[in-house]
Every structure is written in structure tokens, then in C-alpha cells.
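Please open the model in a viewer and display the backbone as a cartoon. The tour below proceeds by selection, with a note at each stop on what is to be found there.

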Amino acid sequence: MAGLALEGPNPDVDVLDGINGLAKEAPHWVNRAMEYIGEYGIIAGLAVLCLIAWWGARRKSDAPAAVAGLVWAPLAAGIALLANIPIRAFVERPRPFKDHAGLEVLIPGKSDYSFVSDHATLTMAVGVGLFVASRKYGLIGIALALAEGFCRVYMGVHYPTDVVGGFALGTAVALLLAPVAQALLVPLMTAIGRSRVGGIAWLVRAPGGGAASGVAGEARGGGHGGHGGLDAEGERVVAGGSAVPSRRRDRDKDLAA
């Protein structure tokens, strides 16, 4: 495409030309769908994926640690987006459609800088964050992030290297800060799971499952490590099943004698 021609070979522009060229030949409804998917749909899908993963994590025996890992995924995305602010200001790379008039731009009017892609950064940070907590959901999240990167180039709003840079930034934040995040979030989630204020423990563990099972087991064991409990008459029962006489029963025997 003549509008994308530069002096000498430029793989970044060549890939942009090839992917964005698909939008020129696609039906209008396909481009409209890609516009909504690339701008909002995949991010919404990742949010739903996080909720599904959280719902299952609450039922695990290590619910606080599992939920802490899932909480880190959106937090990592937020930190990565903040880290991208100075990067964009330093690089100051214009959007591709500002330098290449031949592009099919599905979302016109974007005036901020191009490198690195916020959408690619956010989605990959969430995907890798999910992968740290759950391989199954993480693979789905990473696949959605890759689809997001394709959409941004297809829409003509980013160069391929903008997307690759976003993937690298999101991955770096999600992986490098994960140990620190877990060290801070696990105690917090544990405290929330044990809280009796306003039912917020429901956010970390499901009623009757996960961390709650240990509490229920302790209650069934009488709260004394399973060594004894109380019988129907309120007497202490040892592991063998015999009742331990109370002081009142001993006193009654003395009086009878």
C-alpha cells in the first residue's frame, strides 16, 4: 500500500499493512464487531473470567491464598497502566494513522501516543496474573490478550510493536511483583476470611467450604483437637467414648456414702 511506504524495509509497517488490510476487505458489520470487541469486549470478557475464577477459588481448602492470587490479576493491570504513563510520555510515538494516511481506522479521533498499547498492557497483565493463580484460567486469559493485540492492529490504532511492548510490560509487572503482592495479599485475605463484620468473609470463602471446613471440624471435635467432646448430658467424653465424671457427680457419690 503506497500510503504505508517508507524508505527501506520496515517489518513493523509491513505487518501493520497486512493485518489492517483485512479491515479494508471485510464487511461493515465485521469491522463494527471488531471495533467493539477490541475496545470493550475482550476487557469485559476478562472481567467475567476473573469472577468465574474467584467463585471457584472460594471453595478451595487454601481459599485465602487462591483468592489473593486472583485479586493480584486486576491489581497488576492497574499498576502496569500507571507504569505506562511515563513510558508513553518519554517515547512520544504518534498513532500510526497520523503518519500513514492509507490505513483503515475503525476508531478515529484518538490523539494520545501509541507506544505502548494500554489495551495490550492491561489484558496481558490480567492474563499472566490469572496464570500465576490458575493455569486453566490463565491460559484463557492470555489467549484473550493475544486476541486483543490483533484487534488493536486490525483497527489501525497501534503498530505491532506497540502491542508487543504492551505484552512485555504487562507480563513483567504481573510476574516480577507477584511475590510481593502475595506476601501482602494472603494475610489480608486470611483476615477477611475470618472476619465476622458485615459478612465480608463471603468474599474469600464460600459458606461451608474452603476455610470454613476447618472451623466446622473443630466444632464437631469440641474445639480440643479431636480428643474429646460433650455427651448429651453435658459430660466430657474422651476419645474412647467414656464419660469423665464431673465434680457434681463425685460430690453426690460422697453424700450417698
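The stops below begin with the whole chain and then turn to individual helices and loops.

**The whole chain**

Begin with everything selected, bearing in mind that this is a predicted model. The protein contains ten helices and three strands. Coloured from the N terminus onward, the elements appear in the order α-α-α-α-α-α-α-α-α-β-β-β-α. Of the 257 residues, 40% are buried. Among contacts between residues at least 6 apart in sequence, 70% join residues at least 24 apart.

**Helix α3**

Select residues 63-91, which form helix α3. Its 29 residues reach 42 Å from the first C-alpha to the last, close to the 42 Å expected at 1.5 Å a residue. Where does α3 have a kink? Centre the view on alanine 73: a kink of about 25° lies there, shortly before proline 74.

**The pairing of α2 with α3**

Keep α3 in view and add residues 28-57, helix α2. The two helices pack at an angle of about 170°, and their axes are 9 Å apart. Because of that angle, α2 is roughly antiparallel to α3. Now show side chains on both sides of the contact: Ala53, Trp54 and Ala57 belong to α2, and they meet Ala63, Ala66, Val67 and Leu70 of α3. What is the character of the residues in this contact, nonpolar, polar or charged? Seven are nonpolar, with no polar and no charged residue among them.

**Two alanines in α3**

Select alanine 63, which has its place in α3. Alanine 63 is buried, with a relative accessible area of 0%. Leaving aside neighbours within four places in sequence, alanine 63 is in contact with Ala57, Arg58, Val204 and Arg205. Add methionine 189 to the selection: it is 126 residues from alanine 63 in sequence, yet the two C-alpha atoms are 8.6 Å apart.

Move next to alanine 65, also found in helix α3. Is alanine 65 buried, partly exposed or exposed? With a relative accessible area of 31%, alanine 65 is partly exposed, since the partly exposed class runs between 20% and 50%. Beyond neighbours within four places in sequence, alanine 65 is in contact with Gln182 and Val186. Methionine 189 serves again as a landmark: alanine 65 and methionine 189 are 124 residues apart in sequence and 7.3 Å apart, C-alpha to C-alpha.

**Helix α8**

Select residues 178-194, helix α8. This helix has 17 residues, and its end C-alpha atoms are 24 Å apart, in agreement with the 24 Å that 1.5 Å a residue should give. Look at leucine 185, where α8 bends by about 25°; proline 187 follows within four residues. Colour the buried residues of α8, namely Ala178, Ala181, Leu185, Met189, Ile192 and Gly193. The elements that cover them include α3 and α7, the latter spanning 160-176.

**Helix α6**

Select residues 135-154 to display helix α6. Its 20 residues reach 29 Å between the first and last C-alpha, close to the 28 Å expected at 1.5 Å a residue. The buried residues of α6 are Tyr137, Gly138, Gly141, Ala145, Glu148, Gly149, Cys151, Arg152, Val153 and Tyr154. Which helices do the buried residues of α6 pack against? Show α1 (11-25), α2, α5 and α7 to see these partners. Just after α6, select glycine 156, whose phi is positive at about 80°.

**Two backbone details in loops**

Most residues other than glycine have a negative phi, and most peptide bonds are trans. The last two stops depart from these patterns.

Select glutamate 92, in the loop between α3 and α4. Its phi is near 55°, a positive value in a residue other than glycine. Glutamate 92 is partly exposed, with a relative accessible area of 46%.

Finally, select phenylalanine 115 and valine 116 and inspect the bond that joins them. Is this peptide bond cis or trans? It is cis, with omega near -5°. Valine 116 lies in the loop between α4 (96-99) and α5 (118-133).

How values were computed: Residues numbered from 1 in each chain as written. Heavy atoms only, no water. Expected span 1.5 Å × (residues − 1). Bend = angle between axes of the 7 residues up to and from the residue. Axes fitted to C-alpha atoms, helices over the stretch in contact; angles between N-to-C directions. Parallel < 35°, antiparallel > 145°, perpendicular 65-115°, else oblique. Contact = heavy atoms within 4.5 Å. Nonpolar A, V, L, I, M, F, W, Y, C, P; charged D, E, K, R; others polar. Buried < 20%, exposed > 50% of the residue type's maximum accessible area, 1.4 Å probe, protein only.
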